[in-house]
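The following note sets out several points on the model for a colleague's consideration. It begins with one helix and the core behind it, and then turns to the rest of the chain.

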Amino acid sequence: MYATLGHELPRGDAWTFEPKYDGMRVIAEASGRHVRLVTRNGKDKSGQFPEIVLALRELARRARRTLILDGEVVARARRGGRRTHAASEFQQLQARMHLQDAEEILRLAIAAPTSLMVFDFLRDGRTNLMPRPLTERRERLDALIATAGAGDPALMVSGRSARGATMLARARRAGWEGIIAKRTDTRYQPGARSDAWLKLKLLFRAEFVIGGYTEPRKTRPYFGALLLGAYDKQGRFIYVGHTGGGFTRDGLARLYARLTKLERATSPFVEPPRTNERAHWVAPRIVVEVKFAEWTSERLLRQPIFLGVRDDKQAREVTIEGVSMQRWRSGEVKHDAA
């Protein structure tokens, strides 16, 4: 079940509010023997996160039944000598998402551990919970963790509050991307993007698809900038801007190796952009996450910075979002066209 981008903070007793974690969404299927962490595009990432697999296996073993949970894999950011879940770093998480080497995965599991922040309960043994209201699903989730939880920081239950304004203010102080508002009386709708779940963003941050790259300047290796796009409501691939910031040298090399395999002769954009350096066009398959200052009046990204590759999402799912709640002043939410 997916959230719709919200225009404003919803009011009334029918809503609950959760942090919007900066991680990788997964459906976790766990028994005492087997665990799968399935991304939105059907990839199993259990091999990349052994600490989460162990925690889920122990939870299912203690519960003595198979469990299906919905949640977000997040990196545990270090603050003041200890680790916390409040400000997950996607770039830290991205180092884990694509690894295949077992020794390197184990090393990072110790040096940069992750957690599964669980926020929904879909199946409890033979009981399908998806037709039940969110209130009941969360009550059963809380009871499950309280009775069978292993006390492992690799498995946590997402925070929530009935006070939306308080949660939003907390999000701003903590530097979160935003919050998620959910109606408490609705069923779980798998595969649907529903108005019953609203994502309320405080920061401009989104996924885009690479449609090309430019030749590098001076001493910079590999490429100069990525040419980014997203799909509109008619399914057309629209150019939204370029970014050359946020890369390490190793990151440039890895991404360049992927891009060269996707090169094509023609632009994938409906209207090819003009570039200062020679452009190389690629098939629009690689999804990246970008943060940026704002949208310009020409509908282009201002000051976009590359954060990482998202291989947990399909390129055709990346659409131009319409609204962002960027400002929070004097207890009043204001929103901007994005």
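1. In this predicted model, the buried residues of α6 pack against β13, β14, β16 (263–264), β17 and β21. The buried positions in α6 are Gly251, Leu252, Leu255 and Leu259. Viewed down the axis of α6, these buried residues fall within an arc of 100°, so they line one face of the helix. Arg249, Asp250 and Arg254 are exposed on the other side of α6. The spacing within the buried set can be read against helix geometry: an α-helix has 3.6 residues a turn, so residues three or four places apart point the same way.

2. The length of α6 is consistent with a regular helix rise. Its 12 residues should span 16 Å at 1.5 Å a residue, and the end C-alpha atoms are 17 Å apart, which agrees.

3. Two of the buried leucines of α6 recur in the largest nonpolar core. This core has 35 residues, of which Phe208, Ile210, Leu226, Leu228, Leu255 and Leu259 touch the most other members. Two or more residues each come from β13 (205–214), β14 (226–231), β15 (237–243), α6 (249–260), β17 (279–282), β18 (287–291) and β21 (305–309). Leu255 illustrates how these parts of the sequence meet: beyond its neighbours within four places in sequence, Leu255 is in contact with Ile210, Phe223, Leu226, Phe247, Ile286, Phe306 and Val309. A second, separate core holds 29 residues, including Val53, Leu56, Val73 and Leu144. As general background, nonpolar side chains tend to be buried together in soluble globular proteins.

4. Helix α1 (residues 50–63) contributes many buried positions: Glu51, Ile52, Val53, Ala55, Leu56, Leu59, Ala60 and Ala63. Across its 14 residues, α1 reaches 20 Å from its first C-alpha to its last, close to the 20 Å expected at 1.5 Å a residue. The residue that follows α1 is Arg64, which has a positive phi near 60°.

5. How are α1 and α4 placed relative to each other? The two helices pack at an angle of about 90°, with their axes 9 Å apart. They are therefore roughly perpendicular to each other. Leu59, Arg62 and Ala63 of α1 make the contact with Leu144, Ile145 and Ala148 of α4.

6. Helix α4 (residues 134–148) also agrees with the expected rise: its 15 residues should span 21 Å at 1.5 Å a residue, and its end C-alpha atoms are 21 Å apart. Leu134, Arg137, Arg138, Leu141, Leu144 and Ala148 are buried in α4. Seen down the helix axis, these buried residues fall within an arc of 130°, so they line one face of α4. The face turned away from that buried side carries the exposed residues Glu139, Ala146 and Thr147. Two arginines are thus listed among the buried residues of α4, and a reviewer may wish to look at their surroundings.

7. One of those arginines, Arg138, is touched by Ser158, as are Glu18, Pro19, Tyr21, Met117, Val118 and Phe119, not counting residues up to four places away in sequence. Ser158 lies in the loop between β10 (155–157) and α5 (164–174). Although placed in a loop, Ser158 has a relative accessible area of 3% and is buried.

8. Leu108 belongs to helix α3 (residues 102–111) and is buried at 12% relative accessible area. Setting aside neighbours within four places in sequence, Leu108 is in contact with Ala95, Arg96, Leu99 and Pro113. Gln92 is 16 residues from Leu108 in sequence, and their C-alpha atoms are 10.0 Å apart.

9. Two non-glycine residues in loops deserve a check of backbone geometry. Lys218, in the loop between β13 and β14, has a positive phi of about 50° and counts as exposed at 87% relative accessibility. Arg299, in the loop between β19 (294–295) and β20 (301–302), has a positive phi of about 65°; at 41% relative accessibility, Arg299 counts as partly exposed.

10. For the chain as a whole, there are six helices and 23 strands. Buried residues make up 53% of the 338 residues. Among contacts with a separation of 6 or more, 67% join residues 24 or more positions apart.

How values were computed: Residues numbered from 1 in each chain as written. Predicted model: local features only at pLDDT ≥ 70, side-chain atom pairs only at ≥ 80, totals over all residues. Heavy atoms only, no water. Core = buried A, V, L, I, M, F, W, Y, C linked by side-chain atoms within 4.5 Å. Buried < 20%, exposed > 50% of the residue type's maximum accessible area, 1.4 Å probe, protein only. Helix = DSSP H or I, 4+ residues; strand = E, 2+ residues; numbered from the N terminus. Contact = heavy atoms within 4.5 Å. Expected span 1.5 Å × (residues − 1). Arc of directions from axis to C-beta. Axes fitted to C-alpha atoms, helices over the stretch in contact; angles between N-to-C directions. Parallel < 35°, antiparallel > 145°, perpendicular 65-115°, else oblique.
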